[in-house]
Amino acid sequence: MNHQTAPITRVVIAHTLISALHGLAHLLIPVPISVLQALFIAGVISALQIVAVLLVWRQQVKWASTVLLVSMAGSLLFGLYNHFVVISPDHFFQMPPTSLGVLFQVTAVLLTVSEGIGIGVSVWALNPRQPLSP
C-alpha cells in the first residue's frame, strides 16, 4: 500500500466491518428494512466503496476519492436520518435493552464516526497539495 491507497483502503475496510456488524444486529433483532433501503445500502453504501478501492488501487486517486466522498456522504445522511431522526424500528432509542440492541447502537455511532472520517479522507485526497500518509 502506498500513501495514496492506504487511507482510502483502510477507511473502507473499517466501514465495511462496522457495517457487517450493524447488519447482523439488524438481522438478529430483527429491524426490517424496505426494498428501497436495501437497494441504497447495496448500491451507495457497499458497491460504491468497493469501486472506490478498485479505483485507488488502479492509481485513479481523484476518481476514487470522489466516489468515496459520494458514498460516505450518502451513508452518513442515510444513517443520521434512519438512526437518529425518524422514529421507527431503526431508530437508536427504539432498540431493545439487550446485547443485540447495544450492538446496534454502538455500530450506529461507529458508522457515523467512520463516515465522517471517510468524508475527511476523501476531501484530503482530493487536495493535490496535501499528501496522505500511510
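**Exercise 1.** What volume does the largest pocket have? State which elements line it.

*Solution.* The model is predicted, so local features need pLDDT of at least 70 and side-chain atom pairs count only at pLDDT 80 or more, while totals for chains, interfaces and linings use all residues. Residues are numbered from 1 along each chain as its sequence is written, and side-chain values use heavy atoms, with hydrogens and water left out.

Step 1. A pocket is an open set of points on a 1 Å grid over the protein atoms alone, where a 1.4 Å probe fits, with protein on both sides within 12 Å along at least five of seven lines; lining residues have an atom within 4 Å of a point. The volume of the largest pocket is about 390 Å³, counted as the space filled by probe spheres set on the points.

Step 2. Its lining consists of 23 residues, and nearest the centre lie Ser 19, His 22, Ile 41, Ile 45 and Leu 111.

Step 3. Two or more lining residues come from each of helix 1 (5-28), helix 2 (35-57), helix 3 (61-85) and helix 4 (99-126); helices are DSSP runs (H or I, at least four residues) numbered from the N terminus. Helix 1 supplies the largest share, seven residues.

Step 4. Sorted by class, the lining holds nine nonpolar, twelve polar and two charged residues. Asp, Glu, Lys and Arg count as charged; Ala, Val, Leu, Ile, Met, Phe, Trp, Tyr, Cys and Pro as nonpolar; the others, Gly among them, as polar.

**Exercise 2.** Is Ser 19 buried, partly exposed or exposed?

*Solution.* Ser 19 belongs to helix 1. Its relative accessible area is 24%. Buried means under 20%, exposed over 50%, and partly exposed in between (1.4 Å probe, protein chains only), so Ser 19 is partly exposed. Between the C-alpha atoms of Ser 19 and Ser 71, 52 residues apart along the chain, the separation is 13 Å.

**Exercise 3.** Which peptide bond is cis, and which residue has a positive phi although it is not a glycine?

*Solution.* Step 1. Most residues other than glycine have a negative phi, and most peptide bonds are trans.

Step 2. The bond from Ile 29 to Pro 30 is cis, with omega near -15 degrees. Pro 30 sits in the loop between helix 1 and helix 2.

Step 3. Gln 59 has a positive phi of about 65 degrees. This residue is in the loop between helix 2 and helix 3 and is partly exposed, at 44% relative accessible area.
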